[in-house]
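Colleague: Got a minute? I'd like to walk through this one with you.
Modeller: Sure, let's pull it up.

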Amino acid sequence: MIRFGFNRYGTPQVFQVLESDPPQPKPGQVQLKVLGFGLNPYDASLRRGEQAAFRKLSFPIVPGTDVLGEVTQLGEGVTEFAVGDVVINYRPIGGYSEYVTATVGKVIKKPTALDDAAAAGLGQVGIAAYSILQQLNLNPGQTLTVLGASGGVGALLVQMAKHEGLHVLAIAGSASQTYLESLGADQVATYDDAPTLPASDATVNAINGGDDHGLGGILTKAGGTLLTTAYRTPDVQGRALKLIQLGDDRPAKAEVVLPYLAELASSTELSVRIAERLPFSLAGVVQGHELLATHHAAGKLVVLR
Ligand SMILES: NC(=O)c1ccc[n+]([C@@H]2O[C@H](COP(=O)([O-])OP(=O)(O)OC[C@H]3O[C@@H](n4cnc5c(N)ncnc54)[C@H](OP(=O)(O)O)[C@@H]3O)[C@@H](O)[C@H]2O)c1
């Protein structure tokens, strides 16, 4: 089988095709034929070598946390799945592959309401959005502002926050205003118009790269919480705020979040916007990583067979 990975850090061109035998499932695992995988900003930071100080990995490194797959083999003792099931798997690494193995707790059957692209792009942003809500610990009726609400994490967070009864103000670029309304946000605005909005109990900066020009500070009530998703020092605009950096605490467990996402997808019209569907090839992976380095059209980048 082939995998897409790299033997040195650098530009998207470091990716190469790697050949190996398909992994065999251990007891409690399934083998999946990968039908597609999501690309995330985290994968690009792995490729650039920025995670090397925090995570010991040896080359070749094969990124990929979000997999849509078809069950091809069952490990000993697995009764939850059958060969042929189409499933979503969230994994620490290694998803850019033709085949993977996965522990059953980190696999759910693909909700029928989601198409393949949405299902392939759901894992990491779903875990991030769930972890954010858990760490903010707001009560129904409290106000939440989401900056970068058009993106993978932001759009899911808006939908989950509405599902949990929060009052949500969604901020993104002018091209995404109608989309933000479709997510059920109570108020939407562009970055330029956002300073006129009332301050919230909490603000999440889900802008890719985190450059919010001080909006997080302006849009959060004194004593409120500002949560940052990118590793960037927040500009609090002189306000006394509780600061949270996503990633400093352990993320919510896939075993908890995946069933929550499946329930959300069947009880609401969960929207996972796709920016680009890329081919399941080295060229597709390289193109996807080139797009990750740009302010690309809002939504998920997914590679599909
Ligand atoms: N720590 C963690 O556990 C964790 C987990 C997942 C993600 N993250 C971080 O969370 C952030 C959001 O992730 P994501 O997957 O939601 O990102 P994304 O979909 O690629 O981007 C989110 C939004 O950022 C806005 N944006 C503004 N300026 C941008 C620029 N220069 N380049 C790209 N986008 C820009 C875009 O909205 P507009 O076009 O509407 O402005 C875009 O929709 C990233 O920084 C990511 O690294 C952290």
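**Cores, sheet and one valine**

Modeller: Let's begin with the largest nonpolar core, which has 57 residues; Leu 136, Leu 144 and Met 160 have the most contacts inside it. Keep in mind that this is a predicted model.

Colleague: Okay. Which helix gives the most to this core?

Modeller: That's helix α3, residues 123-136, which gives 8 residues.

Colleague: And why does the core lie between domain 1 and domain 2?

Modeller: Because both domains give residues to it: domain 1 covers 2-122 + 272-304, and domain 2 covers 125-245. There's also another core lying apart from it, with 31 residues, including Val 14, Val 34, Val 62 and Phe 280.

Colleague: Back to Met 160 for a sec. What does Met 160 touch?

Modeller: Skipping residues up to four places away in sequence, Met 160 touches Gly 126, Ala 129, Tyr 130, Leu 133, Tyr 260, Leu 261 and Leu 264.

Colleague: New topic: the sheet. In what order do the 6 strands come?

Modeller: The order is β10-β9-β8-β11-β12-β13, in an open sheet with parallel pairing. At the edges you find β10 (187-189) and β13 (242-245); each has a single partner strand, so one side of each has no neighbour in the sheet. From one strand to the next, the twist averages 15 degrees.

Colleague: How many bridges are there between β8 and β9?

Modeller: 5 bridges, linking β8 (residues 143-147) with β9 (residues 167-171) in the parallel sense. For instance, Thr 143 has His 167 in β9 as its bridge partner.

Colleague: Which strands does α3 touch when it packs on the sheet?

Modeller: β8, β11 (200-205), β12 (220-228) and β13, and the direction of α3 makes about 150 degrees with that of β12. Helix α4 (residues 152-163) packs on the sheet as well, touching β8, β9 and β11, with its direction at about 165 degrees to that of β8.

Colleague: Now Val 62. Is it buried or exposed?

Modeller: Buried: the relative accessible area of Val 62 is 6%, and the cut-off for buried is under 20%. Val 62 is in the loop between α1 (41-48) and β4 (66-74).

Colleague: What is Val 62 in contact with?

Modeller: Leaving aside neighbours within four places in sequence, its contacts include Arg 3, Phe 4, Leu 18, Ile 93 and Tyr 96.

Colleague: Last one: what does UniProt list for residues 10-303?

Modeller: The UniProt entry, an unreviewed one, lists "domain: Enoyl reductase (ER)" there. Over that stretch the chain is 25% helix and 27% strand, and the end C-alpha atoms are 21 Å apart.

Note on methods:
Residues are numbered from 1 along each chain as its sequence is written. This is a predicted model: local features need pLDDT of at least 70, side-chain atom pairs count only at pLDDT 80 or more; totals for chains, interfaces and linings use all residues. Side-chain values use heavy atoms; hydrogens and water are left out. A nonpolar core is a set of buried Ala, Val, Leu, Ile, Met, Phe, Trp, Tyr and Cys residues joined through side-chain atoms within 4.5 Å. Buried means under 20% relative accessible area, exposed over 50%, partly exposed in between (1.4 Å probe, protein chains only). Helices (H or I, at least four residues) and strands (E, at least two) are DSSP runs, numbered from the N terminus. Domain bounds come from an automatic or database domain assignment. Contact means heavy atoms within 4.5 Å. UniProt positions are given in the numbering used here, feature names are shortened, and annotations may be inferred rather than shown by experiment. Two strands pair if DSSP finds at least two bridges between them. Axes are lines fitted to C-alpha atoms, for helices over the stretch in contact, and angles run from 0 to 180 degrees between N-to-C directions.
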